[in-house]
Amino acid sequence: HCSKCESFRPDRDIDPAGPYAICPVCGDKQEFVYAPLLIVSGAGGTGKSTICRTLVGKCGRAILLEGDILWSDEYYQADATQRFLESVLRMAMNVSQSGFPVVLFGAGFGVPSNITSCVESRYFSSFHYLALTCERSTLEKRLSLRPSWRSTSQGERLNAQLEYNDWFRLRAPAMGFQMDFIDTTEESPKNTANSVREWISKMINEYF
């Protein structure tokens with residue numbers, strides 16, 4: 001909230017020259033850390049959670065966050081996706097105020113339009129995406145081995161993850177999105193983790 005008038009307005013204007021977040025009610029300028037956000041995404045089953053757990057505390061200054069820590073069943077509602085994305089970005093923005101690079105892991109964050117449509121996206125200077133992918137048959141096998149309570153091992157949700165993986169592999173590059181990719185089809189979790197860590201290090205050296 002605004003430190004002067006105490007209004008809670010996430011839609012503050014951003015002045016990169018400060019950088020300042022400007023209250024739309026009273027015009028007060030508040031300095032803040034205006035940093036890039038690194039995003040590691042991909043369909044369920046491509047290795048995001050495993051890689052995140054493997055790399056926590058092993059990427060130098062970077063703070064790794066898994067977006068699903070804020071997930072609850074209420075977000076399964078069709079109109080709740082935006083609220084979930086906003087909540088996760090608000091968390092990432094507040095963590096970034098420590099001055100350390102933030103790496104956000106999560107499936108839905110890999111679609112640039114999902115991020116840029118959020119009010120909270122204005123508090124990041126840029127976004128950089130890494131997508132984990134694998135061959136469709138490999139992903140189907142991985143997801144089929146998951147316990148039924150994960151809800152992605154069969155039916156519509158299985159098909160949705162397969163199609164999402166295809167979006168990253170085939171459509172995202174054709175749409176011209178600036179995104180890096182790692183194919184995990186034949187890679188061990190250890191090798192994939194090393195590749196993700198190298199990507200994070202490269203981004204930190206380039207943008208921080």
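# Burial, pairing and packing in a predicted model

Author: T192 lies in helix α6, which covers residues 189-207. The model under discussion is predicted.

Reader: Why does T192 count as buried?

Author: The cut-off for a buried residue is under 20% relative accessible area. T192 has a relative accessibility of 3%, and therefore counts as buried.

Reader: Which residues are in contact with T192, leaving aside its neighbours within four places in sequence?

Author: With those neighbours left aside, T192 is in contact with I51, L132, I182, T184 and E187. I51 stands 141 residues from T192 along the chain, yet their C-alpha atoms are separated by 7.4 Å.

Reader: T184 is one of these partners. Where does T184 lie, and why does T184 count as buried?

Author: T184 belongs to the loop between β8 (179-183) and α6. Its relative accessibility is 2%, so T184 counts as buried under the 20% limit. Not counting residues up to four places away in sequence, T184 touches T46, L132, T133, C134, R142 and T192.

Reader: What makes β7 and β8 a pair?

Author: A pair requires at least two bridges between the strands. Five bridges join β7 to β8, so the requirement is met, and the two strands run parallel. One of the bridge partnerships links L132 to I182 in β8.

Reader: How do you know that β4 and β7 pair?

Author: The same test of at least two bridges applies. β4 and β7 have six bridges, in the parallel sense, so they pair. I39 has Y129 in β7 as its bridge partner, and L37 stands opposite F127 in β7.

Reader: In what order do the five strands of the open sheet come, and what makes β5 and β8 edge strands?

Author: The order is β5-β6-β4-β7-β8, with parallel pairing. β5 and β8 are the edge strands, as each pairs on one side only. From one strand to the next, the twist averages 20°.

Reader: What makes β7 mostly covered?

Author: Of the 10 residues in β7, eight are buried.

Reader: How do you know that the span of helix α2 agrees with its number of residues?

Author: Helix α2 (residues 81-96) has 16 residues, which at 1.5 Å a residue should span 22 Å. The C-alpha atoms at its ends are 23 Å apart, so the two values agree.

Reader: Which residues of α2 are buried, and what do they pack against?

Author: The buried residues are F84, L85, E86, V88, L89, M91, A92, M93 and S96. They pack against the strands β4 (35-41), β5 (63-66), β6 (102-105) and β7 (124-133), and also against helix α3 (112-116). As general background, an α-helix has 3.6 residues a turn, so residues three or four places apart point the same way.

Reader: What describes the packing of α4 and α5, and which residues meet there?

Author: Helix α4 (residues 136-144) and helix α5 (residues 155-174) pack at an angle of about 145°, and their axes are 10 Å apart. The crossing is right-handed. From α4, R136, L139, E140 and L143 meet L158, Q161, L162, E163, N165 and D166 of α5.

Reader: How many aromatic pairs does the structure hold, and which residues form one aromatic cluster?

Author: There are eight aromatic pairs in the structure. A pair requires ring centres within 6.5 Å. Y164, W167, F168 and F177 form one aromatic cluster.

Reader: What makes β1 and β2 a pair, and which strands are the edges of the sheet of three strands?

Author: β1 and β2 (residues 20-22) share three bridges in the antiparallel sense; at least two are needed, so they pair. D13 stands opposite I22 in β2. The open sheet has the order β1-β2-β3, with antiparallel pairing. Its edge strands are β1 (13-15) and β3 (29-31), each of which pairs on one side only. On average, its neighbouring strands are turned by 30° against each other, direction ignored.

Reader: Where is the place of C2, and why does C2 count as buried?

Author: C2 is in the segment before β1. With a relative accessibility of 3%, C2 falls under the 20% limit and therefore counts as buried. Not counting residues up to four places away in sequence, C2 touches S7, C23, C26 and D28. C2 and V25 are 23 residues apart in sequence, and their C-alpha atoms are 9.0 Å apart in space.

Notes. Residues numbered from 1 in each chain as written. Predicted model: local features only at pLDDT ≥ 70, side-chain atom pairs only at ≥ 80, totals over all residues. Heavy atoms only, no water. Helix = DSSP H or I, 4+ residues; strand = E, 2+ residues; numbered from the N terminus. Buried < 20%, exposed > 50% of the residue type's maximum accessible area, 1.4 Å probe, protein only. Contact = heavy atoms within 4.5 Å. Axes fitted to C-alpha atoms, helices over the stretch in contact; angles between N-to-C directions. Expected span 1.5 Å × (residues − 1). Phe/Tyr/Trp six-rings, centres within 6.5 Å; stacked < 30°, edge-to-face > 60°. Left-handed = near helix turned anticlockwise from the far one by under 90°.
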